[in-house]
Each structure stands twice: as C-alpha cells, then as structure tokens.
Amino acid sequence: MPTAPADPADFSRRLLAWYDDHGRHDLPWKRSRDRYRIWVSEIMLQQTRVETVLDYYARFLAAFPDVHALARAEADAVLALWAGLGYYARARNLHRAAQQVVAVHGGDFPDDIDALTALPGIGRSTAAAILALSSGARHAICDGNVRRVLSRVHRVEGDPAASATQARLWRLAEAHTPDRRVDDYTQAIMDLGATVCMRRPRCALCPVRSLCAGFAAGDADAFPWPRTRRARPRRQAGFLLLRDARGRLLLERRPPAGIWGGLWCPPEVGDDILGWIRQRFGTAPACWQDEPPVLHGFTHFELEIRPRSAVLGDTYADGGAVGDQAALRWHDHEQLAGAGLPAPFRKLIDQSGG
Ligand code: SF4
C-alpha cells in the first residue's frame with residue numbers, strides 16, 4: 001500500500017511550532033536536564049499515564065534524589081515506592097541499573113547509546129530519549145506514542161509486533177527527527193501522541209494534519225493495526241490472608257524472579273491451607289473461609305487469585321518461621337500501609353479490614 005510522502009522538515013517545523021504553544025511544559029521532568037531524573041520519568045511513563053505517574057515521581061525523587069541514593073537503597077524501599085504502578089520488573093531494573101551506573105560509570109550516566117542500552121531495563125527508545133532530552137543529541141525515539149503517530153501519518157500496515165513493521169517505523173522515526181531542537185522535537189512528538197493523536201485521534205487539533213495520509217484517507221483510527229493476539233491463558237493460585245489474634249497480617253517475600261518478584265504478598269499456598277498453617281505454626285486456625293476470587297491480568301496470562309482468610313488463636317509457635325530475617329513477617333496496620341503490595345492484594349486487604 002503506498003503512503004503519502006510526509007515531508008520530514010515540514011513535519012518537524014509544524015510540530016515544534018505547535019509544541020511551543022501547546023506542549024506540556026509544566027511536567028516536572030521537563031524542567032530538568034538531569035539524566036537521572038529523565039531516566040526515572042521515562043521508566044515510570046512506560047505503560048503508565050502521566051496523571052498516574054506525577055505523584056509516584058515526586059515521592060520517588062524525594063526518597064532517592066540522585067542515582068547514588070537509589071543505588072544505596074534497600075530493594076524493599078524501592079519496591080514500596082513503586083507499589084500500585086505495576087510492571088514491577090521496571091522497579092527492580094531501575095534499582096539494578098542505578099547500582100551499575102555507580103559501580104561501572106562512577107555515578108554518571110554514559111553518553112554512549114550502546115552503553116546506556118546495556119543497563120537493565122533501558123531499551124533503544126528509552127536510551128535515545130534520555131540522550132536527546134538531557135543533551136539534545138540527535139537520537140530518534142520510537143515509543144508507543146511515536147509509533148501511533150507515524151503509523152497514521154504514513155498509514156503503516158501490518159502487525160505492530162512484527163519485526164518488519166517495527167523496522168519500518170524505526171526508519172520513519174529516524175527520517176523525521178530533525179538536526180536541531182532534538183530535545184524539543186522528542187517532547188513534542190510524545191506530547192502529540194499523548195494529547196492529540198490518541199487512541200481516538202483529535203485530528204481537528206493536529207498541527208501535522210495536512211501531512212497525514214491517515215487523515216487524508218479518512219481512516220486514521222484504523223492505524224496502527226490491532227495486534228494479532230492469542231487468547232491469554234488463565235492460571236489459578238491460592239493466597240492466604242492469615243491474621244494473628246492481634247490483627248497482624250502475615251506477608252511473604254516472593255522469590256526475586258517471577259510475578260511480583262521481591263514484593264511482599266500474602267503467602268501463596270496450595271489447597272491444603274490447614275497443612276500449610278500447621279506446618280509453620282503447629283496449630284490449626286481458629287477460623288477460616290474462602291473469599292471471592294479476583295482476576296488479575298498480566299501481559300501473557302490472567303491470574304485467578306483465590307484468597308482464603310484465616311485467623312490464628314491466642315497461642316501458637318512459629319518455630320522460627322516468622323521474623324525479620326525470614327521470608328515470612330507479620331505486618332501490623334501501620335506496616336501494611338507502608339508495604340509495597342501489588343494492587344490486587346492492596347485492594348483485597350483493604351476490603352478485609354486493612
Ligand atoms: Fe494523528 Fe489525526 Fe494528526 Fe494524523 S491528523 S497525526 S491521525 S491526530
């Protein structure tokens with residue numbers, strides 16, 4: 001399918017003029033050329049809306065104002081500040097990357113794009129954005145917003161996940177990136193995708209409308225093509241909401257790899273919850289019951305969380321299973337409020353009385 005020729009120089013000129021008047025200049029990460037701050041914002045903004053990120057970003061930077069502070073932090077403290085944002089691998093990678101920046105690069109983020117992409121969690125587009133926004137170096141970005149804009153401007157056909165489609169979009173992204181004001185252009189095309197060329201495009205407000213093949217053909221919202229998706233498989237897992245007589249809730253630190261890796265969650269138990277409790281506390285719970293299941297979507301599967309709540313009586317012996325150094329810990333109300341719980345558990349626990 002032929003595509004309309006969008007003149008790259010005209011495209012960037014129009015976009016930059018629009019950005020000067022209508023860009024989101026007040027976002028906190030735009031006031032900085034500091035690579036650490038830009039990097040944190042870029043990672044938080046992956047898969048997450050600006051409005052959601054704002055509070056998390058402020059709290060994260062207050063706790064970890066520079067890469068050294070983040071590198072020194074305990075993993076738990078990093079995850080706690082990420083709790084609710086989802087995609088927790090981002091937080092673990094952020095922490096590991098900070099440690100590498102300090103250990104390998106003396107605390108300075110490298111100028112070289114290959115060295116940046118070698119850090120955990122930094123892909124090609126994120127590295128390009130960090131360099132373009134911090135120093136104006138000419139690097140093309142091709143994140144979700146840019147892919148959506150360019151798919152429409154050029155009516156790019158094909159499964160967006162296919163490597164041929166991605167390669168084409170990267171070539172277009174390169175061709176559209178100007179030699180000057182690369183930092184502003186990078187912000188501008190991200191802003192255009194986030195505020196005008198949205199899932200439902202607002203073409204009447206668009207500064208590049210006259211260059212857009214999708215607009216000219218009247219089918220802009222058919223691009224990018226929907227992904228060829230297979231139905232996500234469903235898994236089931238039982239989780240135990242166990243309280244002691246003082247109302248404290250038992251949490252377990254999950255293994256570092258896998259879903260919610262490294263986070264504190266209610267223990268994942270099999271069907272035999274009585275056996276699980278007896279093995280660790282030498283007693284049966286005073287009472288227990290099944291709670292309604294909760295469905296939670298991950299990228300590649302759905303998880304049916306089957307919660308069971310139970311309460312221990314006055315006397316039990318944990319036999320060393322629970323403690324500060326162990327993977328199991330009792331959390332009182334205050335500790336629960338500060339714990340980095342994944343969103344579905346936070347909701348479940350709040351519903352069951354905090
Ligand atoms: Fe997107 Fe419409 Fe602008 Fe084309 S004209 S880039 S579809 S908002």
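Trainee: What comes right after α5, and what is its phi like?
Mentor: Gly84 follows α5, and its phi is positive, near 100°. Bear in mind that this is a predicted model.

Trainee: Which residues of α5 are buried?
Mentor: Helix α5 covers residues 75–82, and its buried residues are Val78, Leu79, Leu81 and Trp82.

Trainee: Where do they sit around the helix axis?
Mentor: Looking down the axis of α5, the buried residues fall within an arc of 160°, so they line one face of the helix.

Trainee: And what covers them?
Mentor: The cover over the buried residues of α5 includes four helices: α2 (35–45), α3 (50–63), α4 (67–72) and α6 (89–105).

Trainee: Let's take Phe60. What is it in contact with, leaving aside neighbours within four places in sequence?
Mentor: Phe60 is in contact with Val78, Leu81 and Trp82, and also with Tyr36, Val40, Met44, Leu70 and Leu94. The first three of that list are among the buried residues of α5.

Trainee: Which residues touch the most other members of the largest nonpolar core?
Mentor: Phe60 is one of them, along with Phe11, Tyr36, Trp39 and Trp260. That core has 80 residues.

Trainee: What is in the second core?
Mentor: The second core is separate and has 13 residues, including Leu240, Leu242, Leu328 and Trp330.

Trainee: Changing topic: how many cavities of 30 Å³ or more are there?
Mentor: One. The space in the largest cavity is about 100 Å³.

Trainee: What lies nearest its centre?
Mentor: Four cysteines, Cys197, Cys203, Cys206 and Cys212, together with Val208. The lining of the largest cavity has 14 residues.

Trainee: Which helix gives the most to that lining?
Mentor: Helix α9, residues 144–153, with three residues.

Trainee: How does the lining of the largest cavity split by class?
Mentor: Twelve residues are nonpolar and two are charged, with no polar ones.

Trainee: Now the second largest pocket. What is its volume?
Mentor: About 370 Å³. Its lining has 18 residues, and those nearest the centre are Gly86, Tyr87, Tyr88, Trp260 and Phe298. Trp260 also came up in the largest nonpolar core.

Trainee: Which elements each supply at least two residues of that lining?
Mentor: Helix α6, strand β6 (294–297) and helix α15 (343–351) each do so for the second largest pocket. Helix α6 also helps to cover the buried residues of α5.

Trainee: And the classes in that pocket's lining? What are the counts?
Mentor: The second largest pocket has ten nonpolar, seven polar and one charged residue in its lining.

Notes. Residues are numbered from 1 along each chain as its sequence is written. This is a predicted model: local features need pLDDT of at least 70, side-chain atom pairs count only at pLDDT 80 or more; totals for chains, interfaces and linings use all residues. Side-chain values use heavy atoms; hydrogens and water are left out. A nonpolar core is a set of buried Ala, Val, Leu, Ile, Met, Phe, Trp, Tyr and Cys residues joined through side-chain atoms within 4.5 Å. Buried means under 20% relative accessible area, exposed over 50%, partly exposed in between (1.4 Å probe, protein chains only). Contact means heavy atoms within 4.5 Å. The arc is that of the directions from the helix axis to the C-beta atoms. On a 1 Å grid over the protein atoms alone, a cavity is a set of points where a 1.4 Å probe fits but cannot get out, and a pocket is an open set with protein on both sides within 12 Å along at least five of seven lines; lining residues have an atom within 4 Å of a point. Grid points are joined across faces, edges and corners, and a volume is the space filled by probe spheres set on the points. Ala, Val, Leu, Ile, Met, Phe, Trp, Tyr, Cys and Pro count as nonpolar, Asp, Glu, Lys and Arg as charged, and the others, Gly among them, as polar.
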